[in-house]
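I opened this notebook to keep track of what I looked up, step by step, in a single structure. The entries follow the order in which I worked.

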Amino acid sequence: QHHRCEQHDLAAALGGGCILARARGSSHVQRARQASATMLLFVLTPMMLLPRTLLLTARHSQCAVAAMSATLAEQHLLSLIEGTDRGVTTTDETRAAITELIAKLEDGWLGTDAFSVEQRPFLLRRTEVAYVGQTSSTRANAAGGKYRGRMGRLVFRTTSLFQHVLPDAVAVNVIQFKLLGLLPGAAVLPGRWAVATAEQRVSLQRDSSRPLSTNTVAVDFDPPRVCFGRTGQLVNLQFGPKTRVGLDTTYLSETLRICRGAGSGIPFVFRADSCVDGAPLGAASQQWRECMRHRPLGKATLVAALASGAVASSMLPIPRWTAIPFVLAVTALVRSTGGIVVAQNDSMNVVTNETLVG
């Protein structure tokens, strides 16, 4: 009996061991299955995410290539513009290459909102007029008016040309020159800009076949200020008509702003990196404020002063011909529009022009 009990105990022990072994085996199988599932998930997850990853990488690569392409196009554009006196002396061949590059940059930027939070820092800043796509500047230029015509460039030798679109609706166009290559001076056109409405875009477009985009601004300019002396302290004049212009922004970047004249479609290239603080034109691009601080003489006051000079010269015991310069100056001043090329637009009841300065 004792022996049978031992056998029973041994059988029970063996049975329990088998049960335990089966339990342990089952546990190992479960862990193996879990490990296999985990490994499978580990392997399949990247494969499932791969198409999205490749898509994002492709998009990133496309953006990087586009940015690189735009940067290279900008560099090439600036290299072609250099040495052309802002486009005045450009050859037809070079102008065609410049026009092609401008169109390429515009096409890549098409559909962008110039007034968005991302683009406003590129829009609202000081800029240098780097290029004007005008084929002839014999009488005047779209940037600089008569100051940049053939005769104007001889008498008023251009040293700098700016257009600033600034916060608080401030717009200003500036041409800095040296009268007869000696006396420094400037013509300043202060104004206020606003986003053009649909009705204003139609009016500003005039006879141009190029439709204006919603990136167009309408700028209302006051009569020009003409200053002599580095800060306008020698002579400070104000005469000429009020004007309105429209500019359609077609490209913005860290370096450039490209616009089209609303009524002509002429492309303008503005450069910003040369006007930041510490840059070669950083200080010059802000000198217009000094000119605006001085109280100007109006046309009537100046005409009266010159007429008085002519009368005094004729009465003094000096040759009568000395009065001729005063008479010529009075005649020129009476006929002057401050260097602005104007065309009357009855529908707007305001003188309009395509000139940025003068």
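The entries below go through aromatic pairs, one helix, the cysteines and two loop residues.

**Entry 1: aromatic rings.** I noted at the outset that I was working with a predicted model. I then searched the whole structure for paired aromatic rings, and the search returned six pairs. One of them is formed by Tyr-147 and Phe-177, whose ring centres I found 5.9 Å apart with the planes at 10 degrees; planes under 30 degrees apart count as stacked, so I entered this pair as stacked. When I looked up where the two partners sit, I found Tyr-147 in the loop between β1 (125-132) and α4 (150-155) and Phe-177 in strand β3 (residues 170-179), so that the pair links parts of the chain 30 residues apart. I recorded both Tyr-147 and Phe-177 as buried.

Phe-177 also pairs with Phe-228, and here I found the ring centres 6.0 Å apart and the planes at 70 degrees, so I entered this pair as edge-to-face. Phe-228 belongs to strand β6 (residues 225-228), and the pair therefore links it to strand β3 across 51 residues. Like Phe-177, Phe-228 is buried. Putting these rings together, I noted one aromatic cluster formed by Tyr-147, Phe-156, Phe-177 and Phe-228.

**Entry 2: a charge over a ring.** I also looked up Phe-270, and found Arg-257 lying over the face of its ring, at 4.2 Å from the ring centre.

**Entry 3: helix α5.** Turning to α5 (residues 198-205), I listed Arg-201, Leu-204 and Gln-205 as buried. I then viewed the helix down its axis, and the buried residues of α5 fell within an arc of 100 degrees, so I noted that they line one face of the helix. On the face turned away from that buried side I found the exposed residues Glu-199 and Val-202. For the buried residues of α5 I looked up the packing partners, which are β5 (216-221) and β8 (243-252). After the helix comes Arg-206, for which I noted a positive phi, near 50 degrees.

**Entry 4: cysteines.** How many disulfides does the structure hold? I counted one disulfide, and it joins Cys-227 to Cys-291 with an S to S distance of 1.5 Å. Since Cys-227 lies in strand β6 and Cys-291 in helix α6 (residues 288-293), the pair ties together parts that are 64 residues apart in sequence. Strand β6 thus appears twice in my notes, with Phe-228 in the aromatic pair and with Cys-227 in the disulfide.

I checked burial as well, for which the cut-off is under 20% relative accessible area. Cys-227 counts as buried at 1% relative accessibility, and Cys-291 counts as buried at 3%. I looked up two further cysteines, and found Cys-259 buried at 1% relative accessibility and Cys-275 buried at 1% as well.

**Entry 5: positive phi in loops.** I looked up Asp-85, a residue other than glycine with a positive phi, near 50 degrees. Asp-85 lies in the loop between α1 (2-81) and α2 (92-109), and with a relative accessible area of 29% I entered it as partly exposed.

Is Asp-168, in turn, buried or exposed? Asp-168 counts as exposed, at 75% relative accessibility. I placed it in the loop between β2 (156-166) and β3, and I noted that its phi is positive too, near 60 degrees.

Key. Residues are numbered from 1 along each chain as its sequence is written. This is a predicted model: local features need pLDDT of at least 70, side-chain atom pairs count only at pLDDT 80 or more; totals for chains, interfaces and linings use all residues. Side-chain values use heavy atoms; hydrogens and water are left out. Rings of Phe, Tyr and Trp (its six-membered ring) pair if their centres lie within 6.5 Å; planes under 30 degrees apart count as stacked, over 60 as edge-to-face and the rest as tilted. Helices (H or I, at least four residues) and strands (E, at least two) are DSSP runs, numbered from the N terminus. Buried means under 20% relative accessible area, exposed over 50%, partly exposed in between (1.4 Å probe, protein chains only). A charge sits over a ring if NZ of Lys or CZ of Arg is within 6 Å of the ring centre and within 35 degrees of the ring normal. The arc is that of the directions from the helix axis to the C-beta atoms. Contact means heavy atoms within 4.5 Å. A disulfide is a pair of cysteine sulfur atoms within 2.5 Å.
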